[in-house]
Amino acid sequence: MTFERFGHSYHLQIKSVSDLKHVLTLEEAHWVATGAPTVSINSDAEFLDYLDIDDNKRIMCYEVKRGIKWLLDTLTDHTGINEQAEALNINAVNKDTADGAKIITAANKMLVELRKADTSSITLQQVREIKSKLEEAPHCHAGIAAPDAASDPKIKDFIIDIINTIGGLPEDTENPKDKGVNTEKLEEFITEITARIDWHKKTAIPKGRRNTELMPLGNNTHSAFQAFLHIREKIDQYFAQSEAITFDPRIEEHIKPHAEQLNPEDTKNVQSLKNFMKNSPLANPDQQQTLRFSDTINPFYASMLQRFRAEVMMPVLNQSMKNLSKDDWLTIKNTFVIYEEWYNTKKGGSVEDLGLEKLTVYLDERFQKETSRIIANSNKTALIQDNINLVEKLILYQANIITFVNNFTSFPHLYDPDTRAAFEMGTLIIDGRILNFSVKVENLKHHSEIAKTSDIFILYVEIIPENNKDKYIIAVPVTSGTKGNLCIGKRGIFCDLRGKLLDAKVIDIIENPIRVGETLVAPFQRIGKLLTGKIEAMTTAAEKKLDAATSSAIAPPQQSKGMMAGGLLMGGGVAFAAVTSAVAFFVKTIGSLGPAKTIGGILMAILAVMAPACLIALMKLKRRDLSSILEGVGWAINSRMRLTFKQSRVFTETPPLPRKANIKGFSRWRLWVLLVITFLLALVKISQAQEPEWKQNVALGLNRTSGNSDTSLYNIDFNTQRKGTTREFIAKAKYAYGESEDTTTEENANATAQYNFLMTDRTYSYINADYKYDNIAHIDYRITVGPGLGYYFIKNPTQNFSIELGAAYIETKLDITNTVGATAIDDTEDSINLRVVSKYDWQISKSARLWEALEYLPEFEDFDVYLINYELGVEAAINSKLSLRLVFEDKYDNNPAPGIKKNDVIIKSALVCNL
């Protein structure tokens with residue numbers, strides 16, 4: 001069982017069947033994930049469906065174990081699993097297991113169906129071809145008869161009527177065409193028909209009679225009762241209101257709804273007016289308790305009342321009456337008492353709409369018999385379907401299980417720049433950058449609450465398809481570079497895993513540090529904005545005063561023009577005096593402190609601002625955790641998934657310019673060089689106040705061959721130093737150029753300077769600056785600046801040995817526009833590094849000297865990213881002015897430009913001239 005370290009956590013290596021077996025015994029606490037929603041996993045949908053045993057749309061660790069065990073038990077030969085093959089070797093299936101026997105039988109039958117000459121194996125494509133044909137058949141569900149399975153149109157209509165009245169199966173299928181009926185539904189339908197017909201038989205009228213006790217109005221009783229029901233409640237209300245006003249006439253004032261209940265808008269609304277009429281009385285109440293049809297009748301009920309008079313009053317009372325008395329109303333109500341009791345015991349209501357005639361036809365036993373036959377056939381078809389599904393399941397498990405487990409139990413694909421993890425959605429191109437990592441978010445609010453703990457700068461982006469429908473949201477971490485122009489509303493383009501380009505829009509942001517450099521300048525940017533705001537406010541106030549003064553000058557004067565001009569001049573004079581006084585105070589203060597203390601004070605002030613911001617940024621960058629992003633979309637993550645340096649460069653990239661691009665304009669590295677030179681000149685100026693003399697030398701080297709090979713190597717080194725009792729200044733500059741057969745083999749330059757302030761005889765503080773250029777290593781520039789402390793463990797006239805410990809800000813720009821095979825990568829990076837240096841110098845004799853220096857620069861954010869610079873040199877004097885020098889240099893960069901080796905070793909000899 002082998003584990004690999006990714007993102008500061010350990011991941012089980014899963015490359016073969018033997019590794020899969022380890023998953024079965026591995027404690028779930030050591031799995032990277034123990035659960036995940038199927039919607040967030042990019043894999044074969046059928047494979048995930050088979051793996052999701054409980055069908056809850058989540059894959060759990062115990063389901064993965066069951067899947068692995070089933071696969072290993074069902075196959076005797078596991079070669080196909082190692083090869084992740086989509087073709088099943090039938091001879092490799094274990095015939096001694098129940099599922100294995102079914103798979104062998106089904107596979108052989110499918111090969112016969114497909115008429116394949118090779119019967120030793122079957123592919124996933126072949127299985128799905130058979131499965132597709134079978135699923136197109138109308139009776140593919142076990143125990144279910146689909147309408148299209150019936151060859152007789154009448155049987156088809158019969159099944160459709162069952163679905164429309166009783167309901168169809170499967171119940172979770174939205175499309176009615178995909179539904180059918182089983183035996184239970186069929187029996188329920190026949191029971192309902194029988195009950196409906198038996199219930200309705202009670203209304204039959206014997207021959208020779210016109211009515212019965214149940215049917216007082218003969219065959220017209222059904223329609224008359226419905227007319228009676230529609231108006232009964234309003235007539236009951238009318239007689240109750242009439243009786244009430246007979247007792248107290250004042251009640252009439254409260255019976256009618258008041259027109260004030262309708263606002264002016266309601267009088268224009270048809271539905272509002274209808275509701276007002278519906279809630280109004282049938283007619284004005286009468287103390288005589290008689291409904292007079294000649295009086296005003298509520299128009300809303302006029303048609304109902306007319307039908308009631310024709311179908312009920314006339315037949316029951318045997319006369320056409322212009323009025324309806326209370327006694328007549330009671331007579332009508334008593335007429336329908338027995339019928340209403342029967343009506344309320346209604347049976348077979350679900351099939352009522354089909355009509356008695358059709359229901360009577362459906363009682364013919366051939367309908368039930370034929371439907372039962374179709375149901376029986378569907379059971380046979382479903383059995384075949386189940387066996388085919390077993391074959392498909394085995395092939396899918398064989399082809400996908402290793403990849404899936406590598407995206408569940410272990411996450412190596414996430415840390416590999418050349419592959420995609422199963423939960424990744426695609427690539428976002430925005431603000432001149434390529435953001436390669438994204439996950440789909442179902443609930444933005446829920447996800448953002450969890451993702452805030454990740455300490456990662458996260459964009460929430462709405463992806464908009466071409467049809468402007470089916471929009472979805474993705475979470476995209478920004479892991480390198482700067483915030484730039486990223487903001488809510490910013491638009492970009494999203495390339496999904498199928499290569500389709502979609503519109504994208506930023507809708508929310510979680511802000512966190514992206515890189516140290518941006519955090520370091522943030523306090524000064526805020527101070528700048530504050531000062532700018534104050535200046536703008538002062539300028540605005542001054543402009544307002546000037547406008548007011550100008551307006552007063554133009555308006556009829558209330559005071560003399562001389563006073564107005566004097567006031568303006570006096571105000572300007574006061575402002576000028578204030579500014580000049582402030583400048584004078586600043587110059588005087590600098591003059592009294594001296595340049596050394598002034599520079600020191602400025603550096604201390606800058607350090608006081610930058611140190612807390614740097615510390616907080618480093619802590620957050622060190623804690624950046626991808627697990628929170630996945631947990632927000634439903635993954636159950638066991639271990640922290642620290643964002644590594646390599647990942648941050650892969651997840652967020654800035655593509656290089658085209659090869660051999662001609663770049664014009666002022667490069668940023670030139671500004672850096674100017675600043676470093678200015679800084680060094682300032683240190684030289686300070687050091688000149690000390691008593692020691694400068695020690696300087698120039699070394700020239702030349703190696704030249706001709707004949708069978710034509711090579712040349714030139715190098716020049718310049719060294720200067722000045723060491724006093726309280727201050728030391730050391731500076732070096734190097735340049736080397738070499739070519740072979742007209743091909744440049746070496747071209748680099750390096751300048752370094754260090755200023756030491758001796759706090760005791762052995763302890764000192766320092767500030768170090770270094771500039772490097774290397775054309776072969778594709779380093780456009782690398783600037784290193786930082787302070788620290790040093791200590792001389794040995795310090796005497798012949799030997800010096802010191803150790804330095806400090807911090808360094810490093811900014812590197814890689815020149816990869818012309819690199820062969822260069823990938824899209826952000827070519828500028830910065831970091832805060834620890835700086836550990838050991839220096840040894842031995843004056844062996846008056847004419848011989850040896851020195852050694854080792855510099856180690858690991859990143860604070862990730863100690864796995866570091867630089868090592870080593871130098872070993874020896875020098876022998878020829879005379880007081882000339883010496884011979886031999887130097888061995890080893891420069892190691894464990895994160896070089898693409899296509900460049902990590903280690904560079906240089907051995908050079910030179911003639912030294914002491915100046």
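Is Gln289 buried or exposed? Gln289 is buried, because its relative accessible area is 18%, and buried here means under 20% relative accessible area, with exposed over 50% and partly exposed in between (1.4 Å probe, protein chains only).

Before going on, a word on what you're looking at. This is a predicted model, where local features need pLDDT of at least 70 and side-chain atom pairs count only at pLDDT 80 or more, while totals for chains, interfaces and linings use all residues. Residues are numbered from 1 along each chain as its sequence is written, and side-chain values use heavy atoms, with hydrogens and water left out.

## The overall picture

The chain has 23 helices and 29 strands. Helices (H or I, at least four residues) and strands (E, at least two) are DSSP runs, numbered from the N terminus. There are 915 residues in the chain, and 42% of them count as buried. As for contacts (heavy atoms within 4.5 Å), take those in the chain with a separation of 6 or more: 61% of them are between residues 24 or more positions apart.

## Two loop residues with positive phi

Back to Gln289, which sits in the loop between helix 11 (270-278) and strand 7 (290-292). Its phi is near 55°, a positive value in a residue other than glycine.

Asp455 also has a positive phi without being glycine, with a value near 60°. Look for Asp455 in the loop between helix 17 (444-451) and strand 12 (457-464). With 10% relative accessibility, Asp455 counts as buried.

## Helix 7 meets helix 8

Helix 7 (residues 153-165) packs against helix 8 (residues 183-201) at an angle of about 85°, and their axes are 10 Å apart. The axes are lines fitted to C-alpha atoms, for helices over the stretch in contact, and the angles run from 0 to 180 degrees between N-to-C directions. Helix 7 and helix 8 are therefore roughly perpendicular to each other; the cut-offs are under 35 degrees for roughly parallel, over 145 for roughly antiparallel, 65 to 115 for roughly perpendicular, and oblique for the rest.

Which residues of helix 7 and helix 8 make the contact? Helix 7 brings Phe158, Asp161, Ile162 and Thr165, and helix 8 brings Lys185, Leu186, Phe189 and Ile190. Sorted by class, the contact has five nonpolar, one polar and two charged residues. In this scheme, Ala, Val, Leu, Ile, Met, Phe, Trp, Tyr, Cys and Pro count as nonpolar, Asp, Glu, Lys and Arg as charged, and the others, Gly among them, as polar.

## Salt bridges

How many salt bridges does a search of the whole structure find? The search finds 37, a salt bridge being a side-chain nitrogen of Lys or Arg within 4 Å of a carboxyl oxygen of Asp or Glu. Here are some of them:

| Pair | Closest N and O atoms |
|---|---|
| Lys326 and Glu243 | 3.1 Å |
| Asp780 and Lys813 | 3.8 Å |
| Glu804 and Lys839 | 3.3 Å |

Lys326 belongs to helix 13 (residues 326-335) and Glu243 to helix 9 (residues 221-247), so this pair links distant parts of the chain, 83 residues apart. Lys326 counts as partly exposed at 29% relative accessibility, and Glu243 counts as partly exposed at 41%.The bridge between Asp780 and Lys813 links strand 23 (residues 779-795), home of Asp780, with strand 24 (residues 799-814), home of Lys813, and the two residues are 33 residues apart. Asp780 counts as buried at 17% relative accessibility, while Lys813 counts as partly exposed at 23%.

Strand 24 also holds Glu804, and Lys839 lies in strand 25 (residues 828-842), so their bridge ties together parts that are 35 residues apart in sequence. Glu804 counts as buried, with a relative accessibility of 1%. Lys839 counts as partly exposed at 28%.

Some salt bridges share partners, and in this way Asp44, Glu46, Arg128, Lys131 and Glu392 are joined into one network.

## Around Gln126

Gln126 has its place in helix 6 (residues 124-136). With a relative accessible area of 16%, Gln126 is buried. Leaving aside residues up to four places away in sequence, Gln126 touches Leu111, Leu114, Lys116 and Ser121. The side chain of Gln126 also reaches the backbone nitrogen of Thr123, at 3.0 Å.

Glu392, one of the residues in the salt-bridge network, comes up here again. Gln126 and Glu392 are 266 residues apart in sequence, and their C-alpha atoms are 9.7 Å apart in space.

Definitions and conventions
A polar contact is a pair of N or O atoms within 3.5 Å; within protein, one must be able to donate a hydrogen and the other to accept it, and residues adjacent in sequence count only if both atoms are side-chain atoms.
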